[in-house]
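Open your viewer and get ready to click along. We will go from stop to stop, selecting a few residues each time.

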Amino acid sequence: MEVIIRPTTAQAVELTARLLADTVKAKPACKLGLATGATMEAVYDVLVKMNKAGEVDFSQVTSFNLDEYIGLGPDDVNSYRYYMNHHLFDHINIDKRNTHLPNGLAEDELAEGINYEADIEDAGGIDVQLLGIGNDGHVGFNEPGSSLSSRTRAKSLTPVTYRQNCVYFNPPESMPKRAFTMGVGTILDANRVILLITGARKAEIAARAIEGPVTSMVTASALQMHPNTVVILDADAAAQLT
Ligand code: F6R
């Protein structure tokens with residue numbers, strides 16, 4: 001696990017975006033694993049600027065997002081499909097037919113997970129997986145206690161995650177309590193993983209994930225076992241690293 005600390009959030013974001021862009025430049029038909037959440041908004045802003053400036057071409061890229069709320073359709077403003085269109089896909093030259101998220105309205109939850117895994121495999125696997133970390137140490141929505149060999153499936157969200165994300169919902173209680181998420185095993189299968197952690201509120205969980213024991217109670221810690229993971233932090237998020 002490579003750990004890179006940048007003084008400011010903007011510099012951490014810039015580096016993350018540049019590593020993703022470099023992947024696309026080196027392999028135009030690459031498969032990107034993408035994340036949502038507040039942390040990623042700035043990364044996508046930079047990628048949109050790079051695309052508009054002609055610095056990176058997404059026309060051959062295929063993407064797979066980590067997760068989607070169960071019960072939310074693509075037009076719901078709180079769905080991750082809506083987030084991805086709004087923050088990235090609508091503003092770059094990616095072919096939306098090549099962008100994938102779990103279907104939050106799938107009736108057969110078991111089949112949805114199996115099919116999503118099959119789609120990733122059929123695409124040849126993920127070249128680079130972008131990740132953020134939740135306040136409870138989750139990657140994707142792999143909440144504490146998730147098996148470190150888990151695959152895409154429906155998962156109940158913890159109260160910590162509920163508190164973290166319900167602020168985006170109106171009313172807050174309308175936030176779904178469950179989501180589809182790639183598993184920890186799915187994430188570990190990516191050739192390369194980039195985990196971006198910013199802000200003081202993530203400092204404690206960042207230290208546990210990077211320097212603590214590998215444990216299913218902090219699923220991000222499983223990345224310590226991945227041979228090609230880079231963790232990018234700003235100074236605030238890195239404050240509790242030894
Ligand atoms: C989102 C996801 C989550 C977030 C995490 C951090 O697709 O998989 O693991 O990356 O909850 O969210 P923010 O950036 O909002 O703190």
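Which residue in strand 8 does R153 stand opposite? Select R153 and look across to strand 8: its counterpart there is T181. Keep in mind that you are looking at a predicted model.

Next, show all of strand 8, residues 178-181. Strand 7 runs antiparallel to strand 8, and 4 bridges join the two. Now add strand 4, and you have an open sheet of 3 strands, ordered 4-8-7 with antiparallel pairing. Strand 4 (67-69) and strand 7 (153-156) are the edges; each has a single partner strand, so one side of each has no neighbour in the sheet. Turn the view: on average, neighbouring strands here are rotated by 30° against each other, ignoring direction.

Time for another sheet. This open one has 7 strands in the order 1-10-9-6-2-3-5, and the pairing is parallel. At its edges, look for strand 1 (2-6) and strand 5 (99-100), which each pair on one side only. Then select residues 31-34 (strand 2) and 128-131 (strand 6), a parallel pair with 2 bridges. Within this pair, L32 of strand 2 stands opposite V128 of strand 6.

Now show the ligand. It has 14 residues around it, and those coming nearest are G37, A38, T39, G132 and G134. Colour the shell by type and you should find 6 nonpolar, 7 polar and 1 charged.

Last stop: the largest nonpolar core, with 63 residues. I133, L195 and A206 have the most contacts inside it. Click A206 to finish; among its contacts beyond four places in sequence are I133, I197 and L233.

Conventions. Residues are numbered from 1 along each chain as its sequence is written. This is a predicted model: local features need pLDDT of at least 70, side-chain atom pairs count only at pLDDT 80 or more; totals for chains, interfaces and linings use all residues. Two strands pair if DSSP finds at least two bridges between them. Helices (H or I, at least four residues) and strands (E, at least two) are DSSP runs, numbered from the N terminus. Axes are lines fitted to C-alpha atoms, for helices over the stretch in contact, and angles run from 0 to 180 degrees between N-to-C directions. A residue is near a molecule or strand if its C-beta atom, placed from the backbone, lies within 6 Å of it. Ala, Val, Leu, Ile, Met, Phe, Trp, Tyr, Cys and Pro count as nonpolar, Asp, Glu, Lys and Arg as charged, and the others, Gly among them, as polar. A nonpolar core is a set of buried Ala, Val, Leu, Ile, Met, Phe, Trp, Tyr and Cys residues joined through C-beta atoms within 7 Å. A residue is buried if 20 or more other C-beta atoms lie within 10 Å of its own, exposed if 12 or fewer, and partly exposed in between; C-beta atoms are placed from the backbone. Two residues are in contact if their C-beta atoms, placed from the backbone, lie within 7 Å.
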